[in-house]
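User: I have just opened this model and would like some help reading it. Could we go through it together?

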Number of protein chains: 2
Amino acid sequence: MSAAHPRLSLNQATIKYANLAEAVDATLLAGYESIGLWREPVLEAGLGRSIRIIDDSGLRVSSLCRGGFFTMEEGPSRRESMDDNRRAIAEAHALGAPALVLVAGGLPAGSRDIVGARARVRDAIAELADEAAAADVTLAIEPLHPMYASDRAVVSTLGQALDIAEQFPSGVVGAVVDTFHVWWDPDLAAQIARAGDRIASYQVCDWATPLPSDVLLARHYPGDGVIDFAGITAAVVAAGYSGDIEVEIFNQDVWNSGYDAVAARARDSFAAEVAPHLS
Amino acid sequence: MSAAHPRLSLNQATIKYANLAEAVDATLLAGYESIGLWREPVLEAGLGRSIRIIDDSGLRVSSLCRGGFFTMEEGPSRRESMDDNRRAIAEAHALGAPALVLVAGGLPAGSRDIVGARARVRDAIAELADEAAAADVTLAIEPLHPMYASDRAVVSTLGQALDIAEQFPSGVVGAVVDTFHVWWDPDLAAQIARAGDRIASYQVCDWATPLPSDVLLARHYPGDGVIDFAGITAAVVAAGYSGDIEVEIFNQDVWNSGYDAVAARARDSFAAEVAPHLS
């Protein structure tokens with residue numbers, strides 16, 4: 001077992017086909033101290049059993065992915081979404097995850113009203129904030145790359161996420177800085193500095209072109225693309241973020257590889273590209 | 001022959017496989033009064049012959065696409081690019097195009113320094129500004145969608161384009177508002193208002209998902225996607241833009257269709273989706 005950087009966390013989506021026990025094993029074997037969980041494999045294992053697996057592993061849980069998807073207008077499906085988000089907050093609390101990652105959701109079918117959809121994201125977070133505070137779980141709004149604005153997340157920039165987060169107490173609502181989603185932003189340095197203690201999660205993976213035919217799977221190991229991890233990491237450190245840092249890669253080739261090999265390569269790419277800029 | 005809206009222009013890239021004479025014929029047949037030209041078909045026909053074709057047609061030229069691609073470091077290839085941009089300015093002047101559209105270019109091979117690449121865009125424009133002013137051609141910086149930031153254009157938002165443009169006299173350097181590229185921007189309304197007379201071109205086409213495997217070809221007729229043409233067009237009008245408006249669609253299915261049918265459909269979709277918001 002090699003040691004991983006003490007702040008490094010393996011986001012479970014990087015080894016998407018592993019069940020929770022397999023993901024924990026691969027994470028431990030590669031020397032990580034932390035793991036980022038997803039609700040689907042947690043619920044597949046059962047919440048109680050998942051908690052035992054995590055407790056027995058000694059791993060920290062860096063975040064739970066994900067809540068959100070609440071851009072729809074008021075009605076039964078919005079109520080279902082809010083109920084599901086309340087369950088996600090409770091799960092994050094039970095798992096000891098400090099943050100619940102929120103992906104806003106895209107435009108409702110047939111709608112062209114992105115301004116309205118964005119307002120409903122803010123309203124949904126207002127509805128959830130008290131429960132999140134009571135559960136000691138930070139609602140971590142994740143701005144997604146603008147190429148996902150119509151079908152996945154109408155929150156497209158860190159500045160936009162902070163405009164929402166700042167309407168609520170620090171520690172209750174924050175934002176995710178995921179290099180893949182924000183690296184292109186001309187205003188990134190200023191917004192990371194502005195974020196300060198609103199940074200609820202820092203996630204790293206790389207951007208490379210050409211994009212694959214499914215643009216959701218366009219992520220790469222740090223160092224395999226064009227992102228300036230030195231500059232972004234230094235900015236995140238200067239903003240005061242001291243939590244775990246997740247490697248999160250959606251990539252079919254990575255998913256088709258062995259879990260242990262992926263965990264090791266993510267660890268090593270982090271050591272080469274990100275860790276040197278953490279102190 | 002049906003009448004098109006008097007401000008409507010057919011960007012030649014919408015019927016990419018037409019030579020200049022064919023493009024002019026299709027544009028006239030569909031009742032347009034204006035055409036947006038590309039350098040490649042103009043130079044294929046020859047500049048002198050192209051000028052005669054345009055003069056004989058009675059069409060206005062709304063813009064010439066495109067200059068730019070000047071993010072590289074100083075050296076022979078940067079000098080080649082600057083020379084090519086000077087020729088493009090001269091061509092725009094000769095063709096009577098009020099604006100030369102500039103696509104910045106992506107990251108140089110092997111570079112992760114997007115901040116540096118962006119600075120070199122500004123420097124290139126500074127080098128060209130006097131010649132553009134003398135030629136009475138506005139350098140129109142086109143912010144491209146952030147999904148093209150690494151390989152095509154490091155200028156990603158209207159605000160960023162205006163930050164550059166405002167360093168030069170109005171009329172010499174401006175920005176393109178292309179709905180496809182900017183529709184997702186949470187700051188769009190404010191930046192269009194800020195732009196005022198810096199808007200050098202307004203281009204319309206629609207965004208829809210899933211994206212095609214070549215994301216350069218993801219554009220659609222207005223009305224076939226999710227863009228709020230009412231809101232964006234009203235903002236552009238309120239900012240004072242009174243020039244021609246181009247329909248510019250890169251889409252393999254559109255390119256595979258007959259030129260006359262495409263010109264007619266672009267005209268009709270403009271009449272339905274954009275024209276009602278112009279007064």
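User: Which residues does Met147(B) touch?
Analyst: This is a predicted model. In it, Met147(B) touches His145(A), Met147(A), Trp207(A) and Leu211(A) in chain A, and Phe180(B), Trp207(B), Leu211(B) and Val215(B) in chain B. That list leaves out residues up to four places away in sequence.

User: And which residues have the most contacts inside the largest nonpolar core?
Analyst: They are Ile125(A), Trp183(A), Ile192(A), Ile125(B), Met147(B) and Trp183(B). The core itself has 191 residues.

User: Now the interface. How many residues of each chain are in contact?
Analyst: There are 29 residues of chain A in contact with 29 residues of chain B. The area buried between the two chains is about 2,300 Å², and carbon and sulfur atoms give 61% of that area.

User: How many salt bridges cross it?
Analyst: The rule finds two salt bridges between chain A and chain B. One of them joins the side chains of Arg112(A) and Glu273(B), at 2.8 Å from N to O. On the side of chain A that touches chain B, 13 residues are nonpolar, ten are polar and six are charged.

User: What about polar contacts, how many residue pairs?
Analyst: Twelve residue pairs are in polar contact across the interface, with both residues at pLDDT 80 or more.

User: Different topic: what turn lays chain A on chain B?
Analyst: A turn of 180° with a shift of 0.0 Å along the axis does so, at an RMSD of 0.0 Å. The two copies are therefore related as by a two-fold rotation axis.

User: Which C-alpha of chain A is nearest the axis?
Analyst: That of Ser213(A), which is 2.1 Å from the axis. The same surface serves both copies, with 100% of the contact residues of chain A recurring in chain B.

Technical notes. Residues are numbered from 1 along each chain as its sequence is written. Chains are lettered from A and ligands numbered from 1 in the order in which they are written. This is a predicted model: local features need pLDDT of at least 70, side-chain atom pairs count only at pLDDT 80 or more; totals for chains, interfaces and linings use all residues. Side-chain values use heavy atoms; hydrogens and water are left out. Contact means heavy atoms within 4.5 Å. Buried area is the accessible area (1.4 Å probe) that two parts lose on being put together, summed over both. A salt bridge is a side-chain nitrogen of Lys or Arg within 4 Å of a carboxyl oxygen of Asp or Glu. A polar contact is a pair of N or O atoms within 3.5 Å; within protein, one must be able to donate a hydrogen and the other to accept it, and residues adjacent in sequence count only if both atoms are side-chain atoms. Ala, Val, Leu, Ile, Met, Phe, Trp, Tyr, Cys and Pro count as nonpolar, Asp, Glu, Lys and Arg as charged, and the others, Gly among them, as polar. Copies are superposed by least squares on the C-alpha atoms of residues with pLDDT of at least 70 in both. A nonpolar core is a set of buried Ala, Val, Leu, Ile, Met, Phe, Trp, Tyr and Cys residues joined through side-chain atoms within 4.5 Å. Buried means under 20% relative accessible area, exposed over 50%, partly exposed in between (1.4 Å probe, protein chains only).
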